[in-house]
Amino acid sequence: MTTATMTATTAPTRRVGPVAALTQTATLAWRSLVQIKHNPWELIDLGIQPIMLLLLFTYVFGGAISGSTGDYLQFALPGLLVQNALFYTLSTAVGLNTDITKGVFDRLRSLPIARTAPLSGRVVADTIKQAWAFALLVGFGMVLGFRVETSVLGVLGALALLVVVVLAMSWMSVLIGLRAANPEKVQMFAFSIMMPLTFTSSALVDPRTFPGWLRAWADLNPVTHLADAIRGLLIGGEVAAPALVALAWSAGFVVVFAPLAVRAFRGRA
Amino acid sequence: MRYAIQASGLVKLYGKTRALDGVDLAVPQGRLLGVLGPNGAGKTTAVRILATLLRPDGGSASVGGFDVVDRAHEVRSMIGLTGQYAAVDEMLTGVENLMMIGRLLGLRRAEARLRAGELLDRFALADAGGRAAKTYSGGMRRRLDLAAGLVGRPQVLFLDEPTTGLDPRSRTELWDVVRGLMADGVTVLLTTQYLEEADRLADDIVVFDHGRVIASGTPDELKATTGARVLEVRPLRDDHLPLVSQVVADIIGAPPALTGGRAVASVRDPAAVPAVVRRLDDLGVVAAELTLRRSSLDEVFLALTGHPAEETAGTGTGTEIEKKGALA
């Protein structure tokens, strides 16, 4: 086996153009969304857990916490929106991890497509699902008696802020999804982060009732600021200050977790 | 001669483990190279490097003339990959899985649908095309996975243990598909733990062990490399087996393996057989069976790797060797 071998050229490899990359992202987002066509119940599934929490918190704890279920609903719904959105980032992690463990990820990476498409496609699809869950929860809340005290613009602003912050925090989920050994570990690991993170904030109760040390943390907790901003956008109150802190936290999340996630992503390469 | 796949001195390290320790490969266009070896020998690592999924820590490789690191995009444009697991999206239907790949490869929706239909027909999945892949049997998933690897009409196909875990019938069906692809001129690199699979499909075989290529050649060449024939003696009376073992050991200088009431040993010197016969006759041992045959690929493999064989398990059409103590 000596004769002429094909000579490898030295020209740099071709890159995927931006239009093609967008099309590929759209195709992979479609892949995540088309499942809904087969199983329309998934649309309801997206809402079942948050609606159950909404009902439980409102009717079980509402009276005890706020003196009336109506008052508590008004307070807690914005917080539940935040909590649900953060928990939903787990599905990005679980989906990514499932693709990796099942080999779908390798198949995609062996194709001549943009390296980021498998990631961006999933995130785009999950963002669309987030928006749906937001609408479902606000709608159901209104059936129970929740009143938007601002305007349609306020609601859209709340959705926009939530999506931006959640996208930033998704980098953490992406990192977990890429690093975890299997989807069950993702669930466990991510749950043990998200659960305390959302409960030690102003999402569901007023942190002024916390002991001092916990309150100090709650004041720092990005979930507090996000929940306060969303609350302001939906039922009135301060928006700018908490929104800015939440966005600053988001920037911090991107700075810390995006490079780690990209490294983990490359490490899979 | 043009090589569709070429690798020289490939090294891949995982911590202190040398998953690949200087591997050279050369597959001429249109040929099928069978890569044989136990679990952990480095077969999958080699495939992942050649398919641009993994960067080598040393050495270089090219597919279709393109370097797998520097010209990865071009390599990806000409390869198809089918892994150990059926890498299909279980929630999508067969048609959707294939359409997704087609769309990602830049086909228009209608083209992608057409291509998906062709492939489903070819792999006898047309009836199941509208069902979610999670309802498929193991064999159907593998066929869908292979179809997914073929959407882009690859010139070079990597099949990483494509039949592991399949029942004999599905395995034979997959072999037919691979033969069909070879008839189309596709170059194939197939890894397998099944010696029979390599024997039936491969033009050339390389044997991997501990990240190195320890032998290569055509199946026939490999069978001839050890230069040995296999002597099997089964005494009529079972209690004579130790005696037979002693005789064979005396004459060929190494104790034979004892399985199924037989003494089995590889023999290089043709004079050994009559000598064994004479000694047994002197001792009054009657042989119910006494054969001298060419080594099977299994025995060549064992001779080459030097690992003690685990019990070989029949799987209908072939035999497989399971190895213990191999790297995970």
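Hi everyone, let's start with how chain B is divided: its domain assignment gives domain 1, covering 3-223, and domain 2, covering 225-320. Measured out over C-alpha atoms in the model, the centres of domain 1 of chain B and domain 2 of chain B are separated by 37 Å. Please keep in mind that this is a predicted model.

How far can we trust it? The model as a whole has an ipTM of 0.83 and a pTM of 0.79. For chain B, the average pLDDT is 85, and 91% of the residues score at least 70. If you compare the elements of chain B, helix α3 (residues 94-104) of chain B has the highest mean pLDDT, at 96, and strand β16 (residues 318-320) of chain B has the lowest, at 31. Do take care with residues 308-328 of chain B, where pLDDT stays under 50. The model has 36 contacts beyond four places in sequence for that stretch.

Now a general look at chain B. You will find eleven helices and 16 strands there. Taken along the principal axes, the C-alpha atoms of chain B fill a box of roughly 80 × 45 × 35 Å. Chain B has 328 residues, and 45% of them count as buried. Of the contacts in chain B with a separation of 6 or more, 66% are between residues 24 or more positions apart.

Let me show you a few single residues in chain B. Thr52(B) is not a glycine, yet its phi is positive, about 70 degrees. You can find Thr52(B) in the loop between α1 (43-50) and β4 (58-63) of chain B. Is Thr52(B) buried or exposed? Thr52(B) is buried, because 27 other C-beta atoms lie within 10 Å.

His210(B) is another residue other than glycine with a positive phi, this one near 50 degrees. Its place is the loop between β9 (204-209) and β10 (212-217) of chain B. His210(B) has 18 C-beta neighbours inside 10 Å, so it counts as partly exposed.

One more stop in chain B is Met182(B), in helix α6 (residues 168-183) of chain B. Met182(B) counts as partly exposed because it has 17 C-beta neighbours inside 10 Å. Which residues does Met182(B) contact, leaving aside its neighbours within four places in sequence? They are Leu32(B) and Val188(B). As for Leu195(B), it is 13 residues from Met182(B) in sequence and 19 Å away in space, C-alpha to C-alpha.

Let's move over to chain A and a pair of helices. Helix α4 (residues 69-102) of chain A and helix α7 (residues 152-179) of chain A have axes that come within 8 Å and cross at roughly 35 degrees. The crossing of α4(A) past α7(A) is right-handed. Where they meet, α4(A) offers residues including Leu81(A), Ala85(A) and Leu96(A), while α7(A) brings others, among them Leu162(A), Val166(A) and Met169(A). Sorted by class, this contact has 14 nonpolar residues, six polar and no charged ones.

Finally, how do the two chains meet? In the model, 26 residues of chain A are in contact with 35 residues of chain B. On the side of chain A that touches chain B, α1 (18-33), α2 (35-38) and α5 (104-109) of chain A each supply at least two residues. That side of chain A divides into ten nonpolar, ten polar and six charged residues.

Thanks for listening!

Conventions: Residues are numbered from 1 along each chain as its sequence is written. Chains are lettered from A and ligands numbered from 1 in the order in which they are written. This is a predicted model: local features need pLDDT of at least 70, side-chain atom pairs count only at pLDDT 80 or more; totals for chains, interfaces and linings use all residues. Domain bounds come from an automatic or database domain assignment. pLDDT is the predictor's confidence in each residue, from 0 to 100. Helices (H or I, at least four residues) and strands (E, at least two) are DSSP runs, numbered from the N terminus. Two residues are in contact if their C-beta atoms, placed from the backbone, lie within 7 Å. Axes are lines fitted to C-alpha atoms, for helices over the stretch in contact, and angles run from 0 to 180 degrees between N-to-C directions. A crossing is left-handed if the near helix is turned anticlockwise from the far one by less than a right angle, and right-handed if clockwise. Ala, Val, Leu, Ile, Met, Phe, Trp, Tyr, Cys and Pro count as nonpolar, Asp, Glu, Lys and Arg as charged, and the others, Gly among them, as polar. A residue is buried if 20 or more other C-beta atoms lie within 10 Å of its own, exposed if 12 or fewer, and partly exposed in between; C-beta atoms are placed from the backbone.
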